[in-house]
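Visitor: I'd like to learn how to read a model like this one, feature by feature. Could you walk me through it?

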Amino acid sequence: MNNPILSIIVVTYNMQREVPRTLYTLSIAYQTNVFPNEYEVLVVDNGSSVPLTDYYIKSFGANFKLIMFEPSASPAAAINKAVNQSKGDLVMICIDGARMLSPGIINLTLQAFKAYKNPIVATLAYHLGPKIQNDSIAEGYSQEIEDQLLDTTDWKVNGYSLFQISSFAGSSRRGWFRPMGESNCVTLTKSSFEMLNGFSESFKSPGGGYVNLDFYKRACESIDPLIVLLGEGTFHQVHGGVATNAPRSSNTALMFHNEYVEIRGKDYTPPINKPIYWGQIPVEAIRFLHQSTELLVQHIKDPDSII
């Protein structure tokens, strides 16, 4: 294929159950108003005990490619390697291969880069299930229940139905109209990625700790404008992740925060860019619009009520 416009980096580790769904949501069979020659998907296997195969990855499309990487607690080096091998002028980073995408992300991202010279494009994050998975797992939510929940929707035909079985992720708990802690699907030019020196390999914690938050913050503070896609997002599947699936009572979050402070010399705070909103809101996501406006009104009345 000719050089694509966009290179999508997806990092996986022992996600045999989750990866097929994630990769399907990146395929031309699912993504709307986009052509396969416009993008490539680089799937990085970060040392899985049962490695993915190139034959399997290519079953999702000729524009899919497998990159094998030696086992590493943090995905930072794997992401940097994949970006170095990418062919597109734009790079989309999906740090967690367990996150399914909504069907308009690629098209709207490409539109945004036609409209603006050098933006950063971000999406909000959602957790499959009735509430943030750190809590729902403690109340009995599981992979089996999640499989049944997904079976109640025709998500392969209408990916926006995923909004109907999801809730805001912790990093997106402030809603659409307040700052995000991170984006699990963030796009920028490859030259901007290189200017930022990519993902910091100083973060050594399992899963990278705050490495994605750190990259998102540095990108937002260095690149303008920030474009947030309305009515799109990523949807996290339960897979035993060290951050998303750890009980709130664990010391994981504190460990990650302490590592960030040690590296950056200050507490983490989300970037406060005033974003440009791009896209439209499908009817399946209307309740998140209501929640977001309520959270914004609450913040205006009491700025200290929502961190």
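Visitor: Let me begin with a single residue: is N197 buried or exposed?

Guide: Keep in mind throughout that this is a predicted model. N197 is exposed, because its relative accessible area of 66% is over the 50% cut-off. You'll find N197 in the loop between α7 (190-195) and α8.

Visitor: What is there to notice about the phi of N197?

Guide: The general idea first: most residues other than glycine have a negative phi, and most peptide bonds are trans. In N197, phi is near 60 degrees, so a positive value in a residue that isn't glycine. N14 is another case, with phi near 50 degrees. N14 sits in the loop between β1 and α1 and is partly exposed, at 26% relative accessible area.

Visitor: And which peptide bond is cis?

Guide: Look at the bond from D224 to P225: it is cis, with omega near 5 degrees. P225 belongs to the loop between α8 (211-222) and β9 (226-236).

Visitor: Now strands. How many residues of β2 are buried?

Guide: Seven of the seven residues in β2, which spans 39-45, are buried. Check both faces: Y39, V41, V43 and D45 are buried on one side, and E40, L42 and V44 are buried on the other.

Visitor: Which strands does β2 pair with, and in what sense?

Guide: With β1 (residues 6-12), β2 pairs in the parallel sense over seven bridges. With β3 (residues 64-68), β2 also runs parallel, joined by five bridges. To find the register on screen, pick one pair on each side: V11 has V44 of β2 as its bridge partner, while V43 stands opposite L66 in β3.

Visitor: What do β1, α1 and β2 make together?

Guide: A right-handed β-α-β unit, with α1 covering residues 19-24.

Visitor: Let's turn to charges. How many salt bridges does the structure hold?

Guide: Side chains of opposite charge can pair when their charged atoms come close. This structure holds nine salt bridges. Take R17 and E146 as one of them: their closest N and O atoms are 2.9 Å apart. R17 is in the loop between β1 and α1 and E146 is in helix α6 (residues 143-151), so this pair ties together parts that are 129 residues apart in sequence.

Visitor: How do R17 and E146 compare in accessibility: which is buried and which is partly exposed?

Guide: R17 is partly exposed, with a relative accessible area of 21%, whereas E146 is buried at 0%. The value for R17 deserves care, because buried means under 20%.

Visitor: Which residue forms a salt bridge with D147?

Guide: That's R21, with the closest N and O atoms 2.8 Å apart. This pair also links distant parts of the chain, since D147 is in helix α6 and R21 is in helix α1, 126 residues apart. D147 is partly exposed, at 26% relative accessible area, and R21 counts as buried at 17%.

Visitor: What about R99 and D96?

Guide: Their side chains meet in a salt bridge, 3.4 Å from N to O. R99 is buried, with a relative accessible area of 5%, and D96 is buried too, at 11%.

Visitor: Which residues are joined into one network by salt bridges that share partners?

Guide: R17, E18, R21, E146 and D147.

Visitor: Next, pockets. How much space lies in the second largest pocket?

Guide: Rolling a probe the size of a water molecule over the atoms shows where empty space is left. The second largest pocket holds about 190 Å³. It is lined by 15 residues, and the closest to its centre are F177, R178, P179, N273 and P275. By class, that lining has 12 nonpolar, one polar and two charged residues.

Visitor: One last place: where is D302 found?

Guide: D302 is in the segment after α10 (286-301), and at 37% relative accessibility D302 counts as partly exposed. For a sense of distance, try S191: D302 and S191 are 111 residues apart in sequence and 40 Å apart in space, C-alpha to C-alpha.

Note on methods:
Residues numbered from 1 in each chain as written. Predicted model: local features only at pLDDT ≥ 70, side-chain atom pairs only at ≥ 80, totals over all residues. Heavy atoms only, no water. Buried < 20%, exposed > 50% of the residue type's maximum accessible area, 1.4 Å probe, protein only. Helix = DSSP H or I, 4+ residues; strand = E, 2+ residues; numbered from the N terminus. Pairing = 2+ DSSP bridges. Right-handed = clockwise from strand over helix to strand, strands pointing away. Salt bridge = Lys/Arg side-chain N within 4 Å of Asp/Glu carboxyl O. 1 Å grid on protein atoms, 1.4 Å probe; cavity = no way out; pocket = protein on both sides within 12 Å on 5 of 7 lines; lining within 4 Å. Points joined across faces, edges and corners; volume = space filled by probe spheres on them. Nonpolar A, V, L, I, M, F, W, Y, C, P; charged D, E, K, R; others polar.
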